[in-house]
Amino acid sequence: MRLLLVEDHPPLAEALAAGLARGGFAVDCAGSAAEARRSAAGAAYDLVVLDIGLPDGSGLALLAEWRRGDGPPVLLLTARGELHDRVAGLDTGADDYLVKPVEIPELLARCRAVLRRPGARTGPALSEGPLMLDTATRNATLHGERLPLARREIGVLGQLLRRSGRVVPRAQLEQAVYGFDEVVGPNALEAAVSRLRKVLEAADAPLTVVTVRGVGWMLAPAGEAGKRP
Ligand code: CA
């Protein structure tokens with residue numbers, strides 16, 4: 001799940017981004033309305049966590065812009081006592097709001113709840129045969145048994161399941177799995193794919209991850225892939 005955090009107070013932004021990343025989100029940060037507008041125009045986010053009080057305008061104006069188009073779900077952050085803002089936010093089309101100070105576990109729970117709603121950009125569950133990924137809780141299961149996958153591996157699996165049977169290009173996987181600011185080694189994606197493949201194999205899954213050299217990766221039946229050179 002790729003999330004945009006719009007918060008202008010650096011220490012708070014840092015703490016929230018760290019909490020969201022631990023909760024399994026690939027997080028990009030924006031410190032102003034202008035920055036948020038640029039980020040949202042350049043990437044598809046599953047969710048935006050949006051502070052109302054921004055240095056160059058109100059988060060509500062940004063929300064109104066997004067609601068005129070096909071914008072992402074938005075969770076508003078408001079200061080204590082700003083009842084008027086909260087009401088205006090919900091009227092403008094915010095999916096939920098949280099009053100500061102924000103507790104990370106509650107923020108994560110609200111984010112998951114917004115993503116579970118019908119009409120959210122991403123469906124609640126992706127599956128292919130007995131392999132299933134709950135996109136809100138980020139649990140991957142095979143025949144109902146949980147697979148031991150880390151955050152990036154879950155991100156890779158989600159993209160592969162969305163386009164099951166088709167090749168997912170490297171750039172698309174990278175964009176889905178990492179935040180803009182995340183520093184990753186040249187082989188980080190290969191490492192995540194390889195680990196995902198091993199977990200699927202160890203669980204005796206009927207599916208595996210096939211490398212299409214120079215292009216990307218795809219999910220394919222395990223037997224068929226085994227016959228490839
Ligand atoms: Ca603020």
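User: What makes the pair Arg2 and Asp28 a salt bridge?
Analyst: In this predicted model, both Arg2 and Asp28 are buried. Their closest N and O atoms are 3.0 Å apart. The cut-off is 4 Å between a side-chain nitrogen of Lys or Arg and a carboxyl oxygen of Asp or Glu, so the pair qualifies.

User: Which parts does the pair of Arg2 and Asp28 tie together?
Analyst: Arg2 sits in strand β1 (residues 2-6), and Asp28 in strand β2. The pair therefore ties together parts 26 residues apart in sequence.

User: How many salt bridges does the rule count?
Analyst: The count comes to ten. Among them is the pair Arg170 and Glu190.

User: What makes Arg170 and Glu190 a salt bridge?
Analyst: The closest N and O atoms of Arg170 and Glu190 are 2.2 Å apart. The limit is 4 Å, so the pair counts. Arg170 lies in helix α7 and Glu190 in helix α8 (residues 188-202), so parts 20 residues apart in sequence are tied together.

User: Which residue other than Glu190 pairs with Arg170?
Analyst: Glu174 forms a salt bridge with Arg170, with closest N and O atoms 3.2 Å apart. Glu174 and Arg170 are four residues apart in helix α7 (residues 170-177), which means about one helical turn separates them.

User: Why are Arg170, Glu174 and Glu190 called partly exposed?
Analyst: Partly exposed runs between under 20% (buried) and over 50% (exposed). Arg170 has a relative accessible area of 28%, so it falls in that range. Glu174 has 32%, so the label holds there too. Glu190 is at 29% and therefore counts as partly exposed.

User: Why does Arg86 count as buried?
Analyst: Its relative accessibility is 14%, and buried means under 20%, so the label fits Arg86. Arg86 lies in helix α4 (residues 83-92). Leaving aside residues up to four places away in sequence, Arg86 touches Thr78, Ala79, Gly81, Tyr97 and Val99.

User: How do you know that Asp8, Asp51 and Gly53 are donors of the calcium ion?
Analyst: Their donor atoms lie 2.2 to 2.3 Å from the ion. The limit for Ca is 3.2 Å, so they qualify. Asp8 and Asp51 each give OD, and Gly53 gives O. In sequence the spacing is D-x42-D-x1-G. Water is not among the atoms, so the site may look incomplete.

User: Are the donors Asp51 and Gly53 buried or partly exposed?
Analyst: Asp51 has a relative accessible area of 4%, under 20%, so it is buried. Gly53 has 46%, between the two limits, and is therefore partly exposed. Asp51 is also linked with Glu7 and Lys100 in a network of salt bridges.

User: What makes up the contact between domain 1 and domain 2?
Analyst: The protein is divided into domain 1 (2-116) and domain 2 (125-221). The contact takes 14 residues from domain 1 and eleven residues from domain 2. The centres, taken over C-alpha atoms, are 27 Å apart. About 980 Å² is buried between the domains, with carbon and sulfur atoms giving 51%. In domain 1, Arg2, Gly24 and Ala26 lose the most area to domain 2, together 40% of what that side buries.

User: How many salt bridges and polar contacts cross the interface of domain 1 and domain 2?
Analyst: The rule finds zero salt bridges across the interface. Residue pairs in polar contact, both at pLDDT 80 or more, also come to zero. On the side of domain 1 that touches domain 2, β2 (26-30) and α5 (104-116) are the elements giving two or more residues. β2 gives the most, with four residues.

Note on methods. Residues numbered from 1 in each chain as written. Predicted model: local features only at pLDDT ≥ 70, side-chain atom pairs only at ≥ 80, totals over all residues. Heavy atoms only, no water. Donors = N, O, S within 2.8 Å, 3.2 Å for Na, K, Ca; no water. Buried < 20%, exposed > 50% of the residue type's maximum accessible area, 1.4 Å probe, protein only. Contact = heavy atoms within 4.5 Å. Domains from an automatic or database assignment. Buried area = accessible area lost by both parts, 1.4 Å probe. Polar contact = N/O pair within 3.5 Å; in protein donor to acceptor, adjacent residues only side chain to side chain.
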